[in-house]
Amino acid sequence: MNKRIDLHMHSLFSDGELLPSELARRALKLNHEVIAITDHVDYSNVEEIPKIQSAIDDVNENWDITAVLGAEVTHAPIESIDGIAKRAKELGAKIVVVHGETLNEPVTPGTNLAAVKSKYVDILGHPGLITKEEAELALENDIYLEISARKGHCLGNGHVASIAREVGNKLLVDTDTHAPSDLITFEKSYEIARGAGLSDEEAMKAIVDNPRELLKSKGIL
């Protein structure tokens, strides 16, 4: 049976509802293999990233699930994205997501472009109406694009899937979990991928092969 990997989740150390350990426990019960806890950061709180490392270590030592320390650079000035992402990596974040130009929030135009130019960014989350130029830069810099399960953020999924197919980008299906009800099963992630217009083969790559490849590149799997 395939286990789920989700590399975009939030705990109550940003705007999520759950402690890191409860987030991991609920994910474990839904047959997750790996989760990344990517709490929102800008320059006001990026230094606090290591606060949850002890909880992550505790989870990894005692349960059959791998929790990964991450961060999501969110609504920061575009001039600061690279610097915040760099600092997050220096502080131990293994996975850095940038909050992309989703269609239902007032994200600063140019955020997608700034994100895909940064060598410290791993995932461009819910990138909305990403351009071909931005997708090409993401491919060049080995940055994964996200198909989102989150309400509102999912509005651009079809466009993201179409652009990614044209350019050759690697896709991931993430939940951007904030609450217990946001967590999904492997089967639901497959449905979301297919609903975005991916073929069966493309969907399986997005929910199995690509996240495993990213984690292996970080020495996690």
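Helix 7 passes helix 8 in a right-handed crossing, and that is a handy place to start in this predicted model. Two packed helices are described by the angle between their axes and the distance between those axes. For helix 7 (residues 186-195) and helix 8 (residues 200-217), the axes come within 9 Å and cross at roughly 130 degrees. That makes helix 7 oblique to helix 8. As for who touches whom, F186, S189, Y190, A193 and R194 are the helix 7 side of the contact, and D200, A203, M204, I207 and V208 are the helix 8 side.

Keep following the chain past helix 8 and you reach L221, in the segment after that helix. Is L221 buried or exposed? Neither, quite: its relative accessibility is 35%, so L221 counts as partly exposed. Leaving out residues up to four places away in sequence, L221 touches I5, E33, V34, R212, L215 and K216. Of these, V34 is worth a look, since V34 and L221 are 187 residues apart along the chain, yet their C-alpha atoms are separated by 9.3 Å.

V34 also gives us a way into the strands, as strand 2 covers residues 32-37. Strand 2 is joined to strand 4 by 4 bridges, and the two run parallel. One pairing to click on is I35, whose bridge partner in strand 4 is A67. Strand 3 (residues 40-41) also runs parallel to strand 4, joined to it by 2 bridges. Here V41 has V73 as its bridge partner in strand 4. Between strand 3 and strand 4 comes helix 2 (residues 53-62), and the three make a right-handed β-α-β unit. What about the surroundings of strand 4 itself? Of its 8 residues, 7 are buried, so strand 4 is largely enclosed by the rest of the structure.

Now step across to strand 5. Strand 4 (residues 66-73) and strand 5 run parallel, with 4 bridges joining them. The chain gets from one to the other through helix 3 (residues 81-90), in a right-handed β-α-β crossover. Along this pairing, G70 stands opposite I95, and E72 has V97 as its bridge partner.

How many residues of strand 5 are buried? The strand (residues 95-99) is mostly covered, with 5 of its 5 residues buried. Its side chains split between two directions: I95, V97 and H99 point one way, V96 and V98 point the other way, and all are buried. Strand 5 also pairs with strand 6 in the parallel sense, over 3 bridges. In that pairing V98 stands opposite L124. The connection is made by helix 4 (residues 111-117), which forms a right-handed β-α-β unit with strand 5 and strand 6.

L124 is a good residue to pause on, because besides facing V98 in the strand 5 pairing, L124 stands opposite L145 in strand 7. Strand 6 (residues 123-125) and strand 7 run parallel and are joined by 2 bridges. Helix 5 (residues 132-140) links up with these two strands in a right-handed β-α-β unit.

Strand 7 has 5 of its 5 residues (144-148) buried, so it is largely enclosed by the rest of the structure. Y144, E146 and S148 point one way from strand 7, while L145 and I147 point the other way, and all of them are buried. Next comes strand 8 (residues 171-174), which pairs with strand 7 in the parallel sense over 4 bridges. In this pairing I147 stands opposite V173. Strand 7, helix 6 (residues 157-167) and strand 8 make a right-handed β-α-β unit.

That leaves the packing of helix 5 against helix 6. What is the angle between them? They pack at about 60 degrees, with their axes 10 Å apart. That makes helix 5 oblique to helix 6. Helix 5 passes helix 6 in a right-handed crossing. To see the contact in the viewer, pick K132, A135, E136 and L139 in helix 5, which meet I163, E166 and V167 in helix 6.

Notes:
Residues are numbered from 1 along each chain as its sequence is written. This is a predicted model: local features need pLDDT of at least 70, side-chain atom pairs count only at pLDDT 80 or more; totals for chains, interfaces and linings use all residues. Side-chain values use heavy atoms; hydrogens and water are left out. Buried means under 20% relative accessible area, exposed over 50%, partly exposed in between (1.4 Å probe, protein chains only). Two strands pair if DSSP finds at least two bridges between them. A crossover is right-handed if, with the strands pointing away from the viewer, the path from the first strand over the helix to the second runs clockwise. Axes are lines fitted to C-alpha atoms, for helices over the stretch in contact, and angles run from 0 to 180 degrees between N-to-C directions. Angles under 35 degrees count as roughly parallel, over 145 as roughly antiparallel, 65 to 115 as roughly perpendicular and the rest as oblique. A crossing is left-handed if the near helix is turned anticlockwise from the far one by less than a right angle, and right-handed if clockwise. Contact means heavy atoms within 4.5 Å.
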